[in-house]
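I opened this notebook to keep track of what I looked up, one topic at a time. The entries follow the order in which I went through the coordinates.

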Protein chains: 2
Amino acid sequence: MKYFSKNNIDELNHLYKINLVNSCSGYKSANLIGTQDNLGKTNVAIFSSVIHMGSNPPIFGVLFRPTSVPRNTYENIKETGLYTINHIHEGIILEAHHTSAKYSKDQSEFDVTTLKKEYKNEFNAPFVKGSPLQMGLKFIEEYEIKANGTILLVGEIQHLYINNELLLDDGFVDLSKGKTVAINGLDGYVIPTLKMRLDYQRPKKI
Amino acid sequence: MKYFSKNNIDELNHLYKINLVNSCSGYKSANLIGTQDNLGKTNVAIFSSVIHMGSNPPIFGVLFRPTSVPRNTYENIKETGLYTINHIHEGIILEAHHTSAKYSKDQSEFDVTTLKKEYKNEFNAPFVKGSPLQMGLKFIEEYEIKANGTILLVGEIQHLYINNELLLDDGFVDLSKGKTVAINGLDGYVIPTLKMRLDYQRPKKI
């Protein structure tokens, strides 16, 4: 096996290092976060850092890089308290990836890509039309991570929409039926197929 | 599309709710965390909550459920400051899933499964032998999430091992070459194939 010590990693060049370390957690979720400011100016951006944090209440986290550079998504959430999380599917990978380009706050990614916004249930943030699973969330709290200045932003589901064919009788959402994407490292995309579901496990009698 | 309001979700029965909400973030990473206490008693357990938090320094988070119930992994990390994160691959899915059974602290999952431990580089926590990517980490800090009492534990890579065939020239780790697994919801497993890597994006000239 190839070995890297902590010092080896620290001394790698920037691009090699971010390619390497971004892959080390395993696969990451692939979502578009939709926001708008108080004037209604919209933004949509790709995130691989959306995580499930609990089901009761139904809360999710998003990790933001340090705010020393402009972060339109983060600023809009802090301004309005609302945002949407939309699963990226096979049909919009290229457009979703393009939202990682650094556009100014005046330029909505909905205008420079083929991604379409939609509004539902009087929720004041744009959903991404056609996404197989869409959530409208309310900001709850945030934590600044001392080790590197990133911010973990926590929000709660207010509205949840799922394509009917993905939802099974026991509540399980078969992501592969929506051709939902996962991310490998910084820039790798996969479209998994469900292999198996396994039973609840109890200790073996020994 | 099927619609759930926040109130609809709150009123779902427990199992339906956790199946549903656990799927809503998209795919999750699949890792085994190896630990031991100060007496050398080992533990290995499956986690779908390992996340990349930054590359410089190379840090990762793990989300733990409230500590009102015994959490051997969490307690061992707090006791020794050390743990390993090991990617789950196709060949060990069943055994990895079984580590979710609630064994007492006296019973090592290395003894009741076919998972094998290995020690390297004088690091005092067990790696999972045969895992295509193994990391030895040092505890850095933790955050208690007010909304639900979960704990985000942050650690830094000290040692990193990767099967040679996964590591590309630019530092990208092709997880699919290791048949690395991802998790859908609570109990669904997928083994993705790399579809594409996309270029760094710059704004379009408009």
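The entries below deal with cysteines, one strand and its partners, and salt bridges.

**Entry 1, cysteines.** I kept in mind throughout that this is a predicted model. I searched the whole structure for disulfides and found zero over all chains. I then looked up the cysteine at position 24 in each chain: A:Cys24 is buried, with a relative accessible area of 0%, and B:Cys24 likewise counts as buried at 0%.

**Entry 2, strand β6 of chain B.** I asked how many residues of β6(B) are buried. For this strand, which runs over residues 58-64, the answer is seven of seven, so I noted β6(B) as mostly covered, a residue being buried when its relative accessible area is under 20%. I also sorted its side chains by direction: B:Pro58, B:Phe60, B:Val62 and B:Phe64 point one way, B:Ile59, B:Gly61 and B:Leu63 point the other way, and both sets are buried.

I next traced the pairing of β6(B). With β5(B), residues 50-55, the pairing is antiparallel over five bridges, and the two strands form a hairpin that leaves two residues between them; within this pair, B:Ser55 has B:Pro58 as its bridge partner. With β11(B), residues 151-162, the pairing is again antiparallel, over six bridges, and there B:Gly61 is matched with B:Val154.

**Entry 3, salt bridges.** I counted 16 salt bridges over all chains, and I looked at several of them in detail.

In chain A, A:Asp10 forms a salt bridge with A:Lys6, with the closest N and O atoms 2.5 Å apart. Both residues lie in helix α1(A), residues 6-10, and are four residues apart, about one turn of the helix. I checked their accessibility as well: A:Asp10 is partly exposed at 30%, whereas A:Lys6 counts as buried at 18%.

A:Glu118 and A:Lys120 also form a salt bridge, the closest N and O atoms being 3.4 Å apart, and I found both of these residues to be buried.

In chain B, I recorded a salt bridge between the side chains of B:Asp37 and B:Lys105, at 3.0 Å from N to O. This pair links distant parts of the chain, 68 residues apart, with B:Asp37 in the loop between β3 and β4 and B:Lys105 in the loop between α4 and α5. B:Asp37 is buried, at 7% relative accessible area, while B:Lys105 is partly exposed, at 32%.

Finally, I noted that salt bridges sharing partners join A:Lys6, A:Asp10 and B:Glu156 into one network.

Terms used: Residues numbered from 1 in each chain as written. Chains lettered and ligands numbered in written order. Predicted model: local features only at pLDDT ≥ 70, side-chain atom pairs only at ≥ 80, totals over all residues. Heavy atoms only, no water. Disulfide = S-S within 2.5 Å. Buried < 20%, exposed > 50% of the residue type's maximum accessible area, 1.4 Å probe, protein only. Pairing = 2+ DSSP bridges. Salt bridge = Lys/Arg side-chain N within 4 Å of Asp/Glu carboxyl O.
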